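Biologist: I should like to go through this structure term by term. For each label, please set the value against the definition and then conclude.

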Amino acid sequence: MGSADSKLNFRKAVIQLTTKTQPVEATDDAFWDQFWADTATSVQDVFALVPAAEIRAVREESPSNLATLCYKAVEKLVQGAESGCHSEKEKQIALNCSRLLTRVLPYIFEDPDWRGFFWSTVPGAGRGAGEDDDENARPLAESLLLAIADLLFCPDFTVQSHRRSTDSAEDIHSLDSCEYIWEAGVGFAHSPQPNYNHDMNRMELLKLLLTCFSEAMYLPPAPDSSSINPWVQFFCSTENRHALPLFTSLLNTVCAYDPVGYGIPYNHLLFSDYREPLVEEAAQVLIVTLDHDGATPTVDGTTTGTAMDDADPPGPENLFVNYLSRIHREEDFQFILKGIARLLSNPLLQTYLPNSTKKIQFHQELLVLFWKLCDFNKKFLFFVLKSSDVLDILVPVLFFLNDARADQSRVGLMHIGVFILLLLSGERNFGVRLNKPYSVRVPMDIPVFTGTHADLLIVVFHKIITSGHQRLQPLFDCLLTIVVNVSPYLKSLSMVAANKLLHLLEAFSTTWFLFSAAQNHHLVFFLLEVFNNIIQYQFDGNSNLVYAIIRKRSAFHQLANLPTDPPAIHKALQRRRRAPEALSRTSSQEGVSMEGSHPAAPAEPGTLKASLVATPGIEKLTEKSQVSEDGTLRSLEPAPQQSSAEGSPASEEPSQAWREQRRPSSASAGGQWSPTSEWVLSWKSKLPLQTIMRLLQVLVPQVEKICIDKGLTDESEILRFLQHGTLVGLLPVPHPILIRKYQANSGTAMWFRTYMWGVIYLRNVDPPVWYDTDVKLFEIQRV
């Protein structure tokens, strides 16, 4: 029978289903088999031949028919898993049922009355006669998930058979799926022969699995975020005997993927790369299974024996999170880090040598995966920071941040990039690694400079702040916190980076900016803390910054003499109404930009984007720690009496006062927050200006003297003088270094969940699994 015929028959069956007002008996196999028995349809065909309106119509008008369709399809998958799908016909039935369920499930999830359906047991739908009733009472969802897991390790269907053709077929029940892991890497050394059909079949089953998990999209964001996804919870539990090999298969498939294609540039133009869709799907399933609130302590990974022991350690119930947290071998970490760095760098190479390799599109999923690895496995985080390999993650992240800064539809990507850098910046080693010279030239439209990775970071952050779009303002605190965290370790900033930091100080310390929002003065506190850290801990080697501070000294004097009387405050705000531009860009006109670079493009008209929940403020995102003499961190619990005592550290930001006014919602009854003299005085008195004022007091007269004596206008002479100068004994006692470390909380867990599902929704367009269904976790908007 031709493909056209089978499509016609399938379409007829769908129409019958929607037009039959009487429930069709579950035993009417002739009717139900039309949906999967002889059809040669692709998943795209199923989506075309089963329109959304018809699924909804069956759901409303003949609910028992929809119920029967679902459980008959699940029953067929269970049978396929039991028999091992040996014949072509069985394989075809399994795929057809998988496609049909992928099509129908979102319409079951969108209706609250149907949501419990898969968790109920279906009368008389046991697994055949001989089984005891207890076994028959599995909820439909569990039967479906276990069948998918079995089918993902089904010899000659999704994995290479180990038997010779003369032997009898492998017994699916005695099969040890750990011998069938899809790819070499963590905990598995054997690399199976690539097989196009197996990859395609795995991909279809993973798409169905992801669809099962997507029930989360149909629940509104819950503030407590403890909502456990029952599908993920069951699939990642000990009930799933394939949990370990599947986790390993997904992780290794992603990390081993090399989109270059046998190392020959332009090779992908000759051969289509069928691996990429599988890798994308694997990455998406992996991050969803790892959607777990980091509240449960993870094991530190000091287990002995294999990469991941089978013993049940304490720790999260979710086995995928558990396995991830227990990876500990150096070679496994190396494999994972190299794989993620290779894939994250791929779009950069692409920009440099257009079309030389296949350009991957799943960098957002990779960033979420990297985040989960660092968050759940501290040993991995320390491994990443132990060598300069961390820079292979840093550079692509900065590239994505710079590239997405003007595009409204990529605000989620901006957030995750910044969160990753915030997490890394809480560790001293990150600051130390940034001193490595930056020589790789990635085509970014930033000013050309000669310097280190720290310079690159500062230049990109400056660009985001001065030329990103309005919606990035909530990230300014985070960006500057990262710079504060690394500042005590920066050995020598370039002149370009030093000028960028001072330009930010000038922009943030204008009176209209300081007085126009309750938390704007924070940005000034952060910048002053950066300057203090560098002057007190890295004075030698930072003559460029010292020179820039001397040149822009009026900004510091202006801060010290900030007006606090009501008329002056009022006048400053009037000035703002005439200058709506958030940050003046005139004083930062860039010179030459890098070759091959181009400015960030705004979103294409018509681009879809998913809304995000608000991220918590920096004070909720981070926890302060103080670096002791020996370099260890101790947590700083905010002590209530500190604020009154003289001895509080100079760099401490104003405490509770601003937290109340931090969110616009907590404004006064009129809805408009307005600054008062008391408010300005409350934080002006805490500005940590002592160190800089002392430096200016000592150095400015000396620099002026050189200029007069030698009739100098030449920077290099002054810089040479500053390089050899010293302020030992002239500055105030160095303040303790404060690090603000990222701390997990329910707000960020919820943010990650909405971001991740928004990405998955938008990336699954062929077939459009969730398109036009009534999702509740986020809103889909057109830019």
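Biologist: Why is Lys463 called buried?

Modeller: Buried means under 20% relative accessible area, exposed over 50%, and partly exposed in between (1.4 Å probe, protein chains only). Lys463 has a relative accessible area of 10%, so Lys463 is buried. This is a predicted model, in which local features need pLDDT of at least 70 and side-chain atom pairs count only at pLDDT 80 or more, while totals for chains, interfaces and linings use all residues. Residues are numbered from 1 along each chain as its sequence is written, and side-chain values use heavy atoms, with hydrogens and water left out.

Biologist: What makes the contact of Lys463 with Asp445 a salt bridge?

Modeller: A salt bridge is a side-chain nitrogen of Lys or Arg within 4 Å of a carboxyl oxygen of Asp or Glu. For Lys463 and Asp445 the N to O value is 3.9 Å, and the pair meets the definition. Lys463 lies in helix H20 (residues 453–467) and Asp445 in the loop between helix H19 (428–433) and H20, so the pair ties together parts that are 18 residues apart in sequence. Helices here are DSSP runs of H or I with at least four residues, strands are runs of E with at least two, and both are numbered from the N terminus. Asp445, with a relative accessible area of 7%, is buried.

Biologist: What is the burial state of each partner in the salt bridge of Asp389 with Lys338?

Modeller: The closest N and O atoms of Asp389 and Lys338 are 3.7 Å apart, which qualifies as a salt bridge. Asp389 lies in the loop between helix H16 (378–386) and helix H17 (391–404), and Lys338 in helix H14 (residues 330–352), so parts 51 residues apart in sequence are tied together. Asp389 counts as buried at 16% relative accessibility, whereas Lys338, at 43%, is partly exposed.

Biologist: How do you know that Glu204 and Arg99 form a salt bridge, and which parts does the pair tie together?

Modeller: The closest N and O atoms of Glu204 and Arg99 are 2.7 Å apart, which satisfies the criterion. Glu204 lies in helix H9 (residues 196–213) and Arg99 in helix H6, so the pair ties together parts that are 105 residues apart in sequence. Both Glu204 and Arg99 are buried. The whole structure holds 34 salt bridges, and a network of them links Arg56, Arg59, Glu60, Glu110 and Asp111.

Biologist: Is Ala53 buried or exposed, and why?

Modeller: Ala53, which lies in helix H4, has a relative accessibility of 57% and therefore counts as exposed.

Biologist: What makes a space in this model a cavity, and how many of 30 Å³ or more are there?

Modeller: On a 1 Å grid over the protein atoms alone, a cavity is a set of points where a 1.4 Å probe fits but cannot get out; lining residues have an atom within 4 Å of a point. Grid points are joined across faces, edges and corners, and a volume is the space filled by probe spheres set on the points. The count by this rule is three cavities of 30 Å³ or more, and the largest holds about 80 Å³. Helix H1 (3–19), helix H4 (52–61), helix H5 (63–83) and helix H6 (88–109) each give two or more residues to the lining of the largest cavity.

Terms used: 1 Å grid on protein atoms, 1.4 Å probe; cavity = no way out; pocket = protein on both sides within 12 Å on 5 of 7 lines; lining within 4 Å.
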